[in-house]
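Student: Please pick one part of this model and walk me through it closely. I would like to see how its pieces are put together, and then what lies elsewhere in the chain.

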Amino acid sequence: THIYLNSFQEVRPNTIPDLKVDATFRKVAKNSITFALWKIDEDHLEAVNRLQYGTFYDNCAYIVYAASLAGHYASHETITREQKSNVTLERYIHYWLGGNVSEQNRSNVVHKIQELDSYLGNVASIYRETQGHESARFLSYFKKGYDPIVFLYSIRSGSLISASPRPRLYQLHSLKWLRSIEHATIDWSHFNSDYIMVLQTDSLIFVWIGRSSSGIERRSALAWVQKHSNGSPITVVDDGYEQAMSQENKELWNSLLPLKKRMVCQASQLVSEYTDYNSNKFRIYKCNQRGRLHLDQLDVGMPAKDDLSDAHGVYLLDNYGHSVWLWVGAQAPQADALSAMGNGRAFVKKKKYPDNTLVVRVLEGHEPVEFKRLFANWLNVWHENSRSHKPVSTKLGKLDAHSLCERPKMAADTQLVDDGRGERVLFRILGDQVQELAASKTVVFTTNASYVVKYTVQCATVIPADLASVGIKSVIYQWNGSEASSESIARADKFARASFEALKDPGMFVQLYEFDEPPHFLQIFEGKLIIMRGQRGEMLNNGCLNGSVMSDTFLLKVYGDATYNSKAVEETPLSSISSKDCYVIKTNHVWVWCGQSSTGDAREMAKSVGAMLGESSLVLEGKESKEFWQSVAMYFNQTLVINGNGNSCSSSTSSSSSGAGSMCNGSSSNSGNISPTLSNNCYLNTSVPSKPRPPVQLFLVWWQQNALRYEEILGFEQQDLSADCTYILDTGTLTYVWLGSQAPKQERYTAIAQSYVQNAPFGRRSATALAVVRQFQEPNVFKGFFESWQNDYDKNFMSYEAMRKELGTAVPITCSFTNNESALLLNNRQKDFDGHKKYPLMVLTQEMDMLPLEINPLKREVHLTHDDFVSVFKMSFYEFDELPKWKKMELKKQFKLF
C-alpha cells in the first residue's frame, strides 16, 4: 500500500541551510551527562527554575534535554558531569505541548528543537509529548521514589496557593505520576468518581475523594495538598457523603458547587482511551521522497531488525495509533533527519490518529531500548545495549552455593535461588487426580500431565544477613506438560496456589510450561529431568521408571551442557541427527551417542542421564560398532547422521534442510552447522547460548473495568515499589508479579501475569514462565535486579486511612472503602451499597427503557448516593435493607424507584 503525505506545517521541511543556535542552548555542555528543561512562551526561550520542575503551563511548550551514560537513566536531579570524548552518551530531546498551546508556540518549539538537534550533532532521539499523554521516558525524569513530582498543568502563571485568593479547582489522577489539572471554571462537570478533586478557597482546602480512585492516588493527593497548603486547614470529603460535612463547610462548598446540582460522572467513559492500548501489532513503511512524501508499506508479519535494511533511508513504524516511530539510517542526508518529525506528524493526521499520538525520531546506532524491543529478534541483533549485564555465561564452573546466598546480583543473573540441593516433594496431576510421587533419583515427567514441586530452599550459610538476602524458604513450582488437558492444568493451578497460600515461611510461586523451564527448576533435578511423551504415562509407576518402562525402548535427546540448563526429552521419530547433539538410546542396552561436534560438557550431561537408566556405553559419532547399529536400528541409522561420514556436508545441506522437521545438518569437518530447529519449534530456546539479557522492565499494573492496565517505570529502583500496588518485573525469561503488602485484589495474581504476558507490547511467546513474589518476602533472584535493595524498606508504610486519621477526618463508618476495591467489581454483592455506580435521582426515576445499561430496574435504589438515599427515604440504606420485603416495595413505589 502507498500513502502520500503532503508535508505538514508543524515542521517546515529542510528550509534551514545553516542553523543559528540559540544562545541559551550554547550553555549546554555537549559531552556531559546532564538534564535541562526550557520553556517557550511566545517568542522567547527560558530555562525553567528547578523549583518549578513539574509545573507546566498549558499554553506553553517545553523542551527537555537529557543525556546519560549508555544503559543508565538521567533524571531531574542529574548533576552535569563532563565525560571523555570517546564515551558514548544516550541523548534524548523531548518537546512537550500544553493542551492550549498556540500555533505560534508550536512552530517556535519545532524550530528550536532543530537548532538544539543540530548543535548536538543530530544524534539525539526526539520525542513529541503532549499534555496528559507523556511517554514513559519523559515521566522517568520526574520521579523521586516516595515524593514523586506532581505534574501540575496550570492555567496561567501563578503557583498553587498563590497570592491571588480566588478559589481554584484541581483534578488529580494517575497512579505512578500524579497529574493535577487546574480547571478554569469551578463546576460539577469536572468531577468524576475516578478522580480526586481539590477545591481551594481562601480559608479552607477541600479534598474530594472519588469512590473509584485508588489508594496510591489518594495518598499522593493528600501528601501533595499537605505539602502546598501553607497551613490552610484541609478537610476530606467523600464521594456521595457530601452531606456529612459540618454546617459551615457545607455552606462554603454550596456557595461554589451547589450540592443540588451535583452530577458526578462514572468511570465508564475512560475505557475508550484504551481500545488499542495493549496492541502489539505494527506496520513498517519506507519513506521515499518523490516530490511529495511517499510511503511504501513493507510486507512483513513480525518486524525484524533486518527490515530496516537501507542505511540511506528513513522508515516509519506505525504502532497502530499508540506511537509512531521514525528510524533514520546512519547515511541518510541531514535534511531527511530534520524533516522526519514533520513526516511523522503528517502521517498521524493522514491516518486520523489522535493528536496526542507519541511521535519519535530515532537514529541508527542510537536507538532507545523502547524502540528496540518492538522487534521480536532484537536481542540477538542489538548486542551492546544489555544494561550493564554481562552476557550470561553458560559455565558457572561448580556452582558456588555461598556466592548465591551472599550476592543477589549473581543470583538474579543466573536466576538460581540456591544450588538445588534442598528437599523436594513431587505431585503429579492428571485429570482431577493429585498423586504424591515417591522420592527417587530418577524423575520422569510425562507431557500429558501437570506436576507440582514443593521445594525447600537450602542456604549454604547460617549467617542471618545472608539468609535475609536469599529472602525465601520455599518455592512452589507448577509445571504444565505440552499435552496436558485444561482440566489437569486447572486442577494443578488450584493445588499449587493452595500450597503457596498455605506456606508458613516466606516463599514464591512459579508457574511454567514445558519448554520454558527456568534454570533453578532444572537445577533441582541436577539437569537429569526426563520428559516422556504422554502415552507412556500408563507405564510410569508412581513417576519413577518401573520395570515395565525399563524393559521398554526409547530415545532421549539431551539438551544443555550444565546442571541448570539440561534435560532429556523423548524424541520420536527422528528425521535427522546433528553432530552437535547427544542422545541416550535405551534398547536391550543403554547407549549414549555423542556427535563429533558436541562439547565435552554436553557429553558429561548425557553420560549422567545414561547412568541413571542402567549400565551405559559411550558411543562417538564415526566410531560406532556394528552391535550398536543393530541394537538401535529402530531409532537410529546411518543415513540419518548426515551420510554418516561427516564430510559431505555441502551436498546434503539442501536436501535435509527442507521441511520443518529437519533438525540440523552439517558436521564437524565443516563449519556449516545450522542451529537445531525441531519439528516442534518450541524447543528452540532451550539450549542456553550466552546471549545478552533483555533489559529488565518494571510496570505498575492495575485493574480497570476488568482489563489490565499498565504504566512502565524506566530506570526503576526499589523506591518505585509502593506497598498498595502490584507490579510486574519482566526479565525476559521469567515474569515476576510483585504484590505489595497492602495491594487490593491480591488473589488475582495469576490472572494479572497471564493477562500481561498475552498483551505485552513486544514480541514474545505467550507461555513464558511466571513467578509471584510478595513484599518483604522477595527472593534474591528478584532483588538482584535492583541497584541497591534494603530488606526493611517501607516497613513503616503509611496507608491512606492512616493519613486521614492524622488529618483528623476519619473515613465515614458506612463507607465500604476500607477494602479499597474498585466500585465496578462489586456488582455481585448486592449488599454492598457503596460498590454500585451512583446516578442522580432524576436519572433513576426515568422510564425503564431510558435507564443506563448497568441498572437493574428492580434495584434502582442501590444506585443513589448515600446523601440522596437519606434525603429520599429518610433512613440509611442499611436500615432500609433490614425492612420486610413488602415495606421496601411500598417505599420504592412511593418515590418512583420501581
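Tutor: Happy to: we take one sheet strand by strand, and then look around it.

A word on the model to begin with. It is predicted, so to speak of local features a pLDDT of at least 70 is needed and side-chain atom pairs count only at pLDDT 80 or more, while totals for chains, interfaces and linings use all residues. Residues are numbered from 1 along each chain as its sequence is written, and side-chain values use heavy atoms, with hydrogens and water left out.

The chain has 24 helices and 36 strands; these are DSSP runs numbered from the N terminus, with helices being H or I of at least four residues and strands E of at least two. Our sheet is open and joins 10 strands in the order β21-β20-β23-β24-β25-β36-β35-β34-β32-β33, with mixed pairing. Two strands pair if DSSP finds at least two bridges between them. At the edges are β21 (433-436) and β33 (707-713), each pairing on one side only. Neighbouring strands here are turned by 20° against each other on average, direction ignored. For such angles, axes are lines fitted to C-alpha atoms, for helices over the stretch in contact, and values run from 0 to 180 degrees between N-to-C directions.

Zoom in on β23 (residues 450-456) and β24 (residues 474-480): they pair in the antiparallel sense over 7 bridges, and Y455 has V475 of β24 as its bridge partner. Helix α12 (residues 486-501) packs on the sheet, touching β20 (424-430), β21, β23, β24, β25 (507-513) and β36 (769-774), and its direction makes about 175° with that of β24. A contact means heavy atoms within 4.5 Å. Helix α18 (residues 749-759) also packs on the sheet, touching β25, β32 (697-704), β33, β34 (726-730), β35 (734-739) and β36, with its direction at about 140° to that of β35.

Elsewhere, 7 strands make another open sheet with mixed pairing, in the order β4-β9-β11-β10-β12-β13-β14. Its edge strands, β4 (55-57) and β14 (234-238), pair on one side only. Strand β13 (residues 205-209) runs parallel to β14 over 5 bridges, and W208 is matched with V237 in β14. Helix α20 (residues 800-807) packs on this sheet, touching β13 and β14, at about 130° to the direction of β14.

Strand β28 (residues 567-570) has partners of both kinds. Strand β26 (residues 530-532) is parallel to β28 and joined to it by 2 bridges, while β27 (residues 554-559) is antiparallel to β28, with 4 bridges. I530 pairs with A568, and Y559 stands opposite K567. From β28, K567 and V569 point one way and A568 and E570 the other, yet all are buried, meaning under 20% relative accessible area (exposed is over 50%, partly exposed in between; 1.4 Å probe, protein chains only).

Finally, helix α15 (residues 600-613) buries A602, M605, A606, V609, G610, M612 and L613. Seen down the axis of α15, its buried residues fall within an arc of 155°, so they line one face of the helix; the arc is that of the directions from the helix axis to the C-beta atoms. Just after α15, G614 takes a positive phi of about 135°. For the chain as a whole, 58% of its 898 residues count as buried.
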